[in-house]
Amino acid sequence: MAAVVTNRRVILKRYVQTGLPSEDDMEVVTAKTTLAVPAGSEAVIVKNLYVSCDPYMRGRMTRHEMPSYVPDYVPGEVITNCGVMKVVSSGHPDFKDGDLVWGVTGWEEYTLVNNPKPYLHKINYPEFPLSYYTGVLGIAGLTAYGGFFEVSKPKKGDYVFVSAASGAVGQIVGQLAKITGCYVVGSAGSDEKVNLLKTKFGFHDAFNYKKELDLEGALKRCFPEGIDIYFDNVGGAMLDAVLPNMCKGGQITTCGMISQYNLELPDGVRNLFYLVANSLRMEGFLVSNYIAIYHRYEKEMAGYLREGKVVYVEDIVEGLEAAPSALIGLFTGRNVGKQLVAIARE
């Protein structure tokens, strides 16, 4: 007889159409699950060790009339996102009990993954903290790498600006820019984060956007000769301020727009004519575009981490009960570094 265990899980209680979600929009419930895969299936059951909190999850808490690029969550069902797991039962030939993996899982103690390929990936560099596979060696890292090298296409000497620069993606983009030989400036929402950008991540300069009365002027101060590449994680007022400060032929890479996710009416952008006047290119992307280059990225980033060329800062909360608050904190800037939840440490 397969063991039956309790399984605490975080579910969405209701859709949140506009505004900042609250902890009450989610709930930690207890269910039961078996630790054996269905007979004859190629499913796996995993024990979840870490799960990631990411801004894009806010969009999945809204009910969309037209399908989005990622499915909406369903009220009453477990919230899902990327995580780090240990296989406890497997019917798949590529995974065995005890394997450490990362990929899409539930915000719960145990998850049945019916189709482990291509959603689960083995951890190839266990010498690093396993939590890194929610961030710098996982989706956040691949997002930074794909967006910067495949979309932005930097050259040595480029002037690079990164918004939300101390976050899960921004801190990596800035360090990759330095490795490439670029001059890099970041913005963040506290003096503590600005100090982190300059002292730990090696940004050439940084500023606290909350203390700047004139964002356009702040960018002119940091980039008197203009910006070649803007890696945009926030949208809104910062994007509007960047546009007049771009060099001719510059590149705006749109990764996210966290400033807009909780607004009933998104902010307008007034300076779009600079796209025409300065022959700018503005391009968005999804990390799924670059899954094919993940193993190349993983190997390259593992080398940077070993050599100390890239460092990574995480903000880890303990236990599923802390997960709803941690997710909501992303939208007020409470986290310092990559936000994740430790469910179990093996």
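Buried area is the accessible area, taken with a 1.4 Å probe, that two parts lose on being put together, summed over both. I'm writing that down at the top, as I need it below. Also a note to self: this is a predicted model.

**Entry 1: the record.** I looked up the UniProt entry, which is unreviewed, and it lists residues 22–341 as "domain: Enoyl reductase (ER)". I then checked what the chain does over that stretch. It is 26% helix and 27% strand over residues 22–341, and the C-alpha atoms at the two ends of the stretch sit 17 Å apart.

**Entry 2: the domains.** How does the domain assignment divide the protein chain? It gives domain 1 as 4–135 + 313–342, so I had to look in two places along the chain, and domain 2 as 139–288. From the C-alpha centre of domain 1 to that of domain 2 I get 29 Å.

**Entry 3: where they meet.** On the domain 1 side, 19 residues are in contact with 17 residues of domain 2. Here's where my definition comes in: about 1400 Å² is buried between domain 1 and domain 2, and carbon and sulfur atoms give 64% of that. Which residues of domain 1 lose the most area to domain 2? They are Gly 135, Val 313 and Val 336, together giving 31% of what that side buries.

**Entry 4: polar or charged links?** I went looking for salt bridges across the interface of domain 1 and domain 2, and the rule finds zero. Polar contacts are another story: six residue pairs make them between domain 1 and domain 2. Sorted by class, the side of domain 1 that touches domain 2 has 10 nonpolar, seven polar and two charged residues.

**Entry 5: salt bridges elsewhere.** The structure holds 20 salt bridges. I picked one of them: Asp 24 and Lys 13 meet through their side chains, at 3.0 Å from N to O. Both residues are in the loop between strand 1 (4–12) and strand 2 (26–34), 11 residues apart.

**Entry 6: backbone oddities.** Where is there a cis peptide bond? I found one joining Lys 117 and Pro 118, with omega at about 10°. Pro 118 belongs to helix 2, residues 116–119. Next I noted Lys 153, which isn't a glycine but has a positive phi of about 55°. I traced Lys 153 to the loop between helix 3 (139–152) and strand 8 (159–162).

Key. Residues are numbered from 1 along each chain as its sequence is written. This is a predicted model: local features need pLDDT of at least 70, side-chain atom pairs count only at pLDDT 80 or more; totals for chains, interfaces and linings use all residues. Side-chain values use heavy atoms; hydrogens and water are left out. UniProt positions are given in the numbering used here, feature names are shortened, and annotations may be inferred rather than shown by experiment. Helices (H or I, at least four residues) and strands (E, at least two) are DSSP runs, numbered from the N terminus. Contact means heavy atoms within 4.5 Å. A salt bridge is a side-chain nitrogen of Lys or Arg within 4 Å of a carboxyl oxygen of Asp or Glu. A polar contact is a pair of N or O atoms within 3.5 Å; within protein, one must be able to donate a hydrogen and the other to accept it, and residues adjacent in sequence count only if both atoms are side-chain atoms. Ala, Val, Leu, Ile, Met, Phe, Trp, Tyr, Cys and Pro count as nonpolar, Asp, Glu, Lys and Arg as charged, and the others, Gly among them, as polar.
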